[in-house]
Amino acid sequence: MIACLRLFTALCLAALLAACASSPSSSLGELPRTPDASIEQLLDQAAKSKTPEQAALLRLSAADLAYRQGNAGQSAQILQQVPVEQLKPGQQVFASTLAAELAMVRNQPKAALTALSHPSLQRLGELPVEQQVRTGTVHARALEADGQTLAAARERIFIAPMLSGEAASKNHEAIWTLIASLPTDQLQPTTNDDLGGWMGLALAVKTAGTLEQQQAAIDNWRAQNPKHPAAVQLPLPLTKLKELASQPLGKIALLLPQDGPLASVGKALREGFMAAHYQAQQAGQKPPAIEFYDSSRLTSLDEFYRKAQADGVQLVVGPLEKPLVKQLSARPQLPITTLALNYSEGEQGPAQLFQFGLAAEDEAREVSRRARADGLHRAAIMVPKGEWGDRVLRAFSQDWQANGGSIVATERVDQPVQLAQQIADMFQLRQSEGRAKSLQSTVGSQVAAQPSRRQDIEFIFLAATPQQAQQIKPTLNFQYAGDVPVYATSHVFSASGDVNQYNDMNGVRFCETPWLLDANDPLRKQVTAQWPQAGGSLGRLYAMGVDAYRLAPRLGQLKALPDSRIEGQSGSLGMTQNQRVVRQLPWAQFVNGQVQRLPDTPH
């Protein structure tokens, strides 16, 4: 009897919920329900409807059904036939949400955000929870794809209490991924709400130096915020971080060349490495002992590892020379975990080998990311002739096209005398001048025609030396293309402080190491006081040395937590599956002969 009563109550409740879901209030309008009919039957019923309202509602149901069945094209076609402005507010919210979902299928976040800016969305809070969740979810996805990371996190935090089960877990993890990807300077919690709590947690984890400090920071944060959703359910990456066993490093081998063509590079890396070591000592940490080995006198890698093992070394930092890194990557395994300071050509090396360097390919991918974040779609490319230029071109093209960008022109820069001609070819200026001349001969009199350039180039990706960039920017101005934005790798910046050189590059944007963009960093100040050359272009190598030291104890953490990053002096550092450290860099622009840092966009 009780079972029957329970069943009857459940059925009544289900009917009541269905009624609530379909008609929240008469002024908002009835929302489409999940229909029993097929798309064709719904469209047929719509065609026979006696009232325009009923026809619109049936078409909206058909469009939604097509979207749920994975047929976005058909859904968009049907939705176009729905007169959205004639619908009631609740139905307008439903239609705008569906339009946003269809825009996201086409990878058009800006179109999705436009759809979600419809005035009817102001009444979203009056609609059933499931509609609020659906609208909030696509809004969060669109904001994230548009580079508005913090706003996307806010949206997900807002819908979190409405979710349960797997949807709640996925949303919870998504909030952490978004918050954790924000640059440290954007993680300044000003409120005590859920968002402030999430930001406080991310800031605590990011600013802790060692694994033990990170684990302690998580515990402290949880103790202070016991009721916060992230304290109740620690995000998965942080659960893994807590489980990582910390193995304190006692001794590191620094394997760098002291003679030969790479001696000056080795010296800058060594001085940067040791500066970070002394800084850790001053901060009261117990840093590992450092043992120096000269890779320029190396006769055999096996012999080196035997000696290092006998000396009690637990981690090798180096070598720098590409042939040696290539040898290491070809081995099935290494006796000691090694952080090489260069990259091999092959993909996967032995499990004990990690690779870190100032790869131009990282910067090419960084340009692709930044231009996307700035809403650009069509690129022209200028790279130097030769193997280096080909590598940079390949890295940029692969990343740019994989993310929906198109390349409309490519020029390989070589001789300065050809520059003007190459830029004119790229912008199809000669054809334009030819048209003006032929018009002149037809009319038989002087025609005032300024050559017009092609309009489909939204920006130029430039990988070039400062000397080449100095010629390229003025040539663009001369060729009627001075308004086309130029995004460059750090190679355009000599860090010489030469205002005249920078004046020739006004407006050029470039990615650069935090070390060269932040003259007030305490460690940089200390190092440049002792080694002034660390403030110039060699500074990138000093920054890499500092980061090699900071990476050393955290290689296991970066490997175990693919989404985690270390905010370094050579960039924001993460790790790929094949154990290569990759960098994301901040941005600057030449403005009136000065270098101006640009605001970060979330990664």
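Let me start right after helix α19 (419–426), where Q428 follows with a positive phi, near 55°. Helices here are DSSP runs of H or I with at least four residues, strands are runs of E with at least two, and both are numbered from the N terminus. Most residues other than glycine have a negative phi, and most peptide bonds are trans. In α19 itself, L419, Q422, I423, A424 and M426 are buried; buried means under 20% relative accessible area, exposed over 50%, and partly exposed in between, with a 1.4 Å probe and protein chains only.

A word on what we are looking at. This is a predicted model, in which local features need pLDDT of at least 70 and side-chain atom pairs count only at pLDDT 80 or more, while totals for chains, interfaces and linings use all residues. Residues are numbered from 1 along each chain as its sequence is written, and side-chain values use heavy atoms, with hydrogens and water left out.

Back to the backbone. N107 has a positive phi near 60° and sits in the loop between α5 (89–105) and α6 (109–115). N592, with phi near 50°, is in the loop between β14 (587–591) and β15 (594–597). N592 counts as exposed because its relative accessibility is 60%. There is also a cis peptide bond between G318 and P319, with omega about 0°; P319 belongs to the loop between β3 (315–317) and α16 (322–329).

Now the whole chain. It has 26 helices and 15 strands, and 49% of its 603 residues count as buried. Of the contacts with a separation of 6 or more, 63% are between residues 24 or more positions apart, where contact means heavy atoms within 4.5 Å.

One residue with such partners is L376, in the loop between α17 (360–373) and β6 (378–384). L376 counts as buried because its relative accessibility is 16%. Leaving aside residues up to four places away in sequence, L376 touches A371, W400, E458, F459 and Y487. The C-alpha atoms of L376 and E458 are 6.5 Å apart, although 82 residues separate the two along the chain.

Next, two helices. The first is α21, residues 466–478: its 13 residues should span 18 Å at 1.5 Å a residue, and the end C-alpha atoms are 19 Å apart, which agrees. The expected span is 1.5 Å times one less than the number of residues. Buried residues of α21 include P466, I472 and L476, and its buried residues pack against β6, β7, α19, β8, β9 and α22.

The second is α11, residues 211–224, which has 14 residues and reaches 20 Å from first C-alpha to last, close to the expected 20 Å. Its buried residues are L211, Q214, Q215, A217, I218 and W221. Seen down the axis of α11, these fall within an arc of 155°, so they line one face of the helix; the arc is that of the directions from the helix axis to the C-beta atoms. On the other side, A223 and Q224 are exposed. The buried residues of α11 pack against α10, α12, α13 and α26.

What is the class make-up of the lining of the largest cavity? By class, that lining has 7 nonpolar, 1 polar and no charged residues. Ala, Val, Leu, Ile, Met, Phe, Trp, Tyr, Cys and Pro count as nonpolar, Asp, Glu, Lys and Arg as charged, and the others, Gly among them, as polar.
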